[in-house]
Each structure stands twice: as C-alpha cells, then as structure tokens.
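User: I'd like to learn how to read a model like this one. Could you walk me through it feature by feature?

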Amino acid sequence: MDEIQGFINGQNLLSKLIKVLIILVVFVLIKRIIQNVFDTRIESKLENGKNNEKKKTVFSLVKSIINFVLYFIAITYILNVFNINTSSIIAVAGVGGMAIAFASKSLIEDVISGAIIIMENQFNIGDLVTIKDTTATVKNVGLRVTKLEDIDGREIIIPNGEINKVINYSINDMRATVTVYISDNKPYEYVEKALDRACETVYSQNNNITKPEIWGIEELDCMGYQVLIAAKVPNGKQWEIQREIRREIVRELQNANISFARLLKD
C-alpha cells in the first residue's frame, strides 16, 4: 500500500513539474514575442518619426513594466500548481503591507523616480547627461534603474531614486569656448585679425553653428594676455568644435609668427 501511495505521489510530483515546465516555456515564448514586437515593429517605426528619443525612453519603461507583470503572473501560476493559495499570500501581504513598504522603501523610491523622470522629460535615451558627477550617454531608462554608457564604453547603472540632479547637454545649444594665451610681442589688432581668420575657417567648415566670436581680452599681466573665443553649437558638438578652433588658431598664429604665453597665477 505504501509503495502504491509512493508511486502515486511520484506521479503527482512529475505531473506538477511538467506543468511548471510548460508554464516556463509559455512565459519565455510570450516574453520573446513581446520583445520581438518592440524591437522589430515598434522601434523600427521610430526611425521615420519625430521625438524618437522620447518614444524610445517610454518604450523602455513600458518593457520593464511588462516584464515585471509577466514574472508576477508566471510565479503565481507556478505557486498554484503546488496548491499554494496565492490569494492568502496576497492577504498576508496586505496585512504586512506597512512592513514591506518600509523594507522596500528604496525600491519604491526608484520606481516613482523613474516615472517622474519620464513624465518631466528630464532626459531621454541618447542624451548626454551628467548624473552624480558622471558624464555619459543615456543607454536605457528602466523601471528601477537608469543605465549610462561613458566615452570608454563602460556601463554605469544608477538607481532612479538616487538621481536628484541632472545636467542635460542634449536639450539646448551649447557654447563652445576657447581661451588663448598670447604674448605681447605683436600688436593686439594684428593678433585679432589672425584669430578672426581662424574663426572664419571653422565657421565655413561646419553647419549649424554660429560664427566663433572674439570676446576680447579677458585678463592680462606682464607675461601677456588672455583672449576668449566662443560660439553656439549643437548639443554634444562643443568639444569637437573647440578642438577645431584650437587647431585653426595654432595654424594661423604660427603663420603670423605670433607667440603663445602663459599668464602668471597667484
């Protein structure tokens, strides 16, 4: 009799494991189908649309929410297979809700902060930002964390609840500024003409920038003086334009036999 009962119990366990396996297979299939819909159908349509970065950010958050729901449903079905009353678990969770809330305070803050980031349009995927003294490109905005990628390709993961200050370089045009230290061996008017030629060259070689302007002498001492040059450029291009301005300045000043100098520091 015991052997029969043991055989029956073994059969029941095998049946339950098969059901769990089926649930997991269905879960993986649904997850892949949804992923495929987002990757091949929805995101492909963004290429010809407007506000693509914003849409990608929203879809990234939606995918995180869908994954969370799918995991919850799968776990619920698996518990039901083993005759674990999920309704009683939910009731217990309701009774201990306050304790859970305090225990998962940081998780709740991350989720709420993620929703606020999206609603307030603080940044989108592809934006260049500074968060917590880290300057990098936004790679993904999830339900709980934001992922950045720095210039070296390193992935930086920041919980949304810790994002309290953001500098976004991808919203407005930026100012590219270059400081030039000049010795006083030539008249300033002669130096200014050489700098203006450099500015004109950079302006002619780049679209969507204002012509670099010579703001004049910012500082001087017995070693020479400091000239500031600035231009408005599209966000993210300020460093590239600064390098181009410096390159043309060096070329023009060398051709004009104008020497560089360093100002004395206190």
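Analyst: Let's go from overall make-up to confidence, then to one helix and some charged pairs. Keep in mind that this is a predicted model.

User: Fine. How many helices and strands does the chain have?

Analyst: There are seven helices and eight strands. The chain has 266 residues, and 30% of them are buried. As for contacts with a separation of 6 or more, 65% come from residues 24 or more positions apart. The accessible surface comes to about 17100 Å², and carbon and sulfur atoms hold 57% of that.

User: What is the mean pLDDT of the chain?

Analyst: The general idea goes like this: where pLDDT is low, don't read the predicted coordinates in detail. Here the mean is 78, and 76% of the residues reach 70 or more. Residues 3-8 have pLDDT below 50, and beyond near neighbours in sequence that stretch has zero contacts in the model. Residues 98-103 are also below 50, with two contacts beyond near neighbours in sequence.

User: Now a helix. How far does H6 reach from its first C-alpha to its last?

Analyst: H6 covers residues 188-205, so to speak 18 residues, and reaches 26 Å, close to the 26 Å expected at 1.5 Å a residue.

User: Which residues of H6 are buried?

Analyst: Take the cut-off first: buried means under 20% relative accessible area. In H6 that gives Val191, Ala194, Leu195, Ala198, Cys199, Thr201 and Val202. These residues sit on the same side of H6, because they cover an arc of only 155° around the axis.

User: And which exposed residues are on the face turned away from the buried side of H6?

Analyst: That face carries Glu189, Lys193 and Ser204.

User: What covers the buried residues of H6?

Analyst: The cover includes three strands, S6 (174-182), S7 (213-221) and S8 (224-233), along with helix H7 (238-255).

User: Let's do charges. How many salt bridges does a search of the whole structure find?

Analyst: The principle is that side chains of opposite charge can pair when their charged atoms come close. The search finds 10 salt bridges in this structure. In one of them, the side chains of lysine 211 and aspartate 196 meet at 3.6 Å, N to O.

User: Why does that pair tie together parts that are apart in sequence?

Analyst: Lysine 211 lies in the loop between H6 and S7 while aspartate 196 is in helix H6, so the pair joins parts 15 residues apart in sequence. Both ends are partly exposed: lysine 211 has a relative accessible area of 27%, and aspartate 196 has 34%.

User: Which glutamate does lysine 211 form a salt bridge with?

Analyst: Glutamate 200, with the closest N and O atoms 2.9 Å apart. This pair, too, links the loop between H6 and S7 to helix H6, with the two residues 11 apart. Glutamate 200 is partly exposed, at a relative accessible area of 37%.

User: What about glutamate 248: is it buried or exposed?

Analyst: Glutamate 248 counts as buried, at 6% relative accessibility. Its salt bridge with arginine 247 has the closest N and O atoms 3.3 Å apart. Arginine 247, at 44% relative accessibility, counts as partly exposed.

User: Which residues are linked with them in a network of salt bridges?

Analyst: The network links Arg197, Arg247, Glu248, Arg251 and Glu252.

Terms used. Residues numbered from 1 in each chain as written. Predicted model: local features only at pLDDT ≥ 70, side-chain atom pairs only at ≥ 80, totals over all residues. Heavy atoms only, no water. Helix = DSSP H or I, 4+ residues; strand = E, 2+ residues; numbered from the N terminus. Buried < 20%, exposed > 50% of the residue type's maximum accessible area, 1.4 Å probe, protein only. Contact = heavy atoms within 4.5 Å. Areas by Shrake-Rupley, 256 points an atom, 1.4 Å probe, with all protein chains shown as cover. Expected span 1.5 Å × (residues − 1). Arc of directions from axis to C-beta. pLDDT = per-residue confidence, 0-100. Salt bridge = Lys/Arg side-chain N within 4 Å of Asp/Glu carboxyl O.
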